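Reader: I would like to learn how to read a sheet and a ligand site in a model such as this one. Could you take me through them step by step?

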Amino acid sequence: MTANNERADWWKQAVVYQVYPRSFYDANGDGLGDIKGVTERMGYLRELGIDAIWLSPFYPSPLVDGGYDVADYRDVDPRLGTLEDFDAMCAAAHEAGMKVVVDIVPNHTSTEHEWFRAALAAGPGSPERDRYVFRPGRGENGELPPNGWKSTFGGPAWEPVGDGEWYLHLFAVEQADLNWGNPDVHEDFKKTLRFWSDRGADGFRIDVAHALAKDLDSRPLADWPDDPDQGEPGDDNPLWDRPEVHEIYREWRQVFNEYEPARFAVAEAWVVPEHQWMYASPDELGQVFNFQLSNAAWFADEFRTAIEKGLAAAEQSGSTTTWVLSNHDMPRHPTRFALPQVRSSVHHQLVTDWLLRDGRTYHEDRELGTRRARAALLMELGLPGSVYLYQGEELGLFEVADIPWGALEDPQALMTTHGDAIKGRDGCRVPLPWRAVDESGDFGFSAPVEHEAAHLPQPEWFAQFAVDVEEANTASMLWFYRRALGMRSELLTATGDTSLAWAGGYGDQVIAYERPCAGGRTLTSVTNFGEGPVALPAGEVVLCSSELLAGRLPQDATAWVVR
Ligand code: NOJ
């Protein structure tokens with residue numbers, strides 16, 4: 001076990017690796033990754049040098065939204081295994097010194113959940129309907145939606161059920177929003193938190209944590225704006241980041257504290273930075289995702305601001321911050337860095353357009369994207385706080401931009417109509433390549449020789465990024481991740497000292513900071529965004545993301561120097 005994981009508050013400085021289970025490794029050959037697949041690859045995860053595994057939802061689900069449409073919160077999808085498989089996976093992770101974090105989806109259930117079926121059967125005004133957000137439609141016979149709210153995935157946020165009532169779904173039609181004003185909902189989620197904690201889960205990731213509390217009654221529904229902005233918090237926003245949401249998390253904290261060590265949770269909350277810390281406070285969830293690094297385009301000032309804001313928010317919450325470059329909801333960062341760089345406010349649109357045109361509009365400079373991804377990793381890993389990695393980034397995978405429309409699974413793609421179409425998030429969810437040469441055609445994703453096709457098509461170029469190819473080449477991204485993670489743990493996390501000082505004198509194209517490191521020494525991390533190579537401080541260069549040029553740090557590179 002790493003020194004970090006021996007601490008009760010291990011999650012404050014952890015490296016957490018996100019497994020998207022259906023695309024990680026398929027042990028039974030049905031073309032979907034599974035829980036046994038994670039157990040079988042535990043050695044790979046241990047060697048990578050991570051502290052914890054976070055599993056995206058693996059619960060029974062019709063898979064309308066990649067499992068974020070949960071039909072039963074306290075079971076395993078039979079296609080992914082059984083509860084015993086979960087127990088075995090958890091035991092194997094613990095045995096290998098790693099923690100396990102599971103995903104909780106409290107804003108909505110699948111419409112296949114037994115509560116939703118009961119709500120439909122019981123009819124208007126019933127206690128069963130009160131667990132969800134049902135409202136009468138407008139118009140003479142309720143033929144119009146209660147108001148104009150839009151689903152995040154496109155289209156209206158209300159769906160009629162044929163008896164004059166409509167239910168709210170902020171995401172897909174098959175994801176019905178729960179009513180957190182109902183005590184059954186509170187009790188059931190506390191039961192779920194205890195269920196997984198008792199089975200060995202060490203922490204939780206909370207899906208759309210800022211959406212649970214809603215105001216549907218203080219004014220007529222039709223008086224609200226059609227599209228309440230997720231970034232505009234407060235009393236005047238009926239859906240997002242309402243103040244009452246924090247009461248729920250204070251209640252959950254009581255549950256977390258029943259355990260030894262206390263469980264923690266990390267909130268997915270797309271709220272303004274000034275509000276983020278509330279979710280992370282010690283009497284609530286403990287930690288919140290800070291997506292600022294993943295929002296930054298490749299400019300020194302954008303990364304510096306992201307780091308400053310993350311550190312400030314952590315200080316305010318009395319917790320630590322989190323750093324994220326990629327997850328299952330965004331195009332992979334080597335691709336983002338390989339495309340033309342414009343300011344982050346418009347870069348997101350540039351990447352979305354590029355994807356919509358199957359990656360044909362702009363040149364994806366992969367060599368550049370890889371170089372920047374290596375530099376970004378080292379800059380990220382040197383920071384205090386937790387780092388969340390997304391499966392496949394350790395292989396340097398790029399976004400798969402040309403998945404045929406007919407093969408897409410993401411409701412973001414399926415719910416948008418042409419004109420405002422987007423290609424969605426499948427390009428970062430393609431099953432991992434484990435073997436470059438594999439007669440059965442799925443790069444070793446499925447263990448059995450005879451197997452179903454992988455649930456999303458893998459491109460030919462995945463061969464270059466297969467685990468066996470990277471294992472055999474110590475200059476690969478995989479080995480770079482292993483070395484960098486090992487050094488972070490040994491030199492930085494082990495000390496328990498989380499202070500950071502900016503190192504001056506490098507100009508505005510360089511990000512340089514200093515951290516106290518093992519042996520009473522100092523580690524300086526220097527990242528060069530500018531064209532000219534820069535001189536490094538005196539000391540031993542323990543790791544560098546690119547070759548030095550006559551002892552100087554080239555453009556788009558990071559070095560760690562210890563003295
Ligand atoms: C956030 C999850 O990360 C995303 O994948 C999902 O579609 C939405 N929440 C809805 O649950």
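**Reading the sheet and the ligand site**

Author: Let us begin with a helix, keeping in mind that this is a predicted model. Helix α15, which spans residues 477–492, lies across β15, β16 (521–528), β18 and β20, and its direction runs at about 135° to that of β18.

Reader: In what order do the strands of the open sheet lie, and how are they paired?

Author: The five strands follow the order β14-β15-β16-β20-β18, and their pairing is antiparallel. An edge strand is recognised by pairing on one side only, which here applies to β14 (501–502) and β18 (540–544). Helix α9, made up of residues 300–317, also packs on this sheet, where it touches β14 and β15 (510–517), and its direction makes about 35° with that of β15.

Reader: How many bridges join β18 and β20?

Author: There are four bridges between β18 and β20 (residues 557–562), which pair in the antiparallel sense; as an example of a bridge partner, Cys 544 is matched with Ala 559 in β20.

Reader: Turning to the ligand, which residues around it come nearest?

Author: The ligand has 13 residues around it, and those that come nearest are Asp 65, His 108, Asp 207, His 328 and Asp 329. To read polar contacts, look at distances between N or O atoms: an oxygen atom of the ligand is 2.6 Å from such an atom in the side chain of Asp 65, while for the side chain of Asp 207 the distance is 2.7 Å, and for that of His 108 it is 3.0 Å.

Reader: How much of the area that the ligand exposes when taken alone does the protein bury?

Author: Taken alone, the ligand exposes 300 Å², of which the protein buries 97%.

Methods:
Residues numbered from 1 in each chain as written. Predicted model: local features only at pLDDT ≥ 70, side-chain atom pairs only at ≥ 80, totals over all residues. Heavy atoms only, no water. Pairing = 2+ DSSP bridges. Helix = DSSP H or I, 4+ residues; strand = E, 2+ residues; numbered from the N terminus. Contact = heavy atoms within 4.5 Å. Axes fitted to C-alpha atoms, helices over the stretch in contact; angles between N-to-C directions. Near = heavy atom within 4 Å. Polar contact = N/O pair within 3.5 Å; in protein donor to acceptor, adjacent residues only side chain to side chain. Areas by Shrake-Rupley, 256 points an atom, 1.4 Å probe, with all protein chains shown as cover.
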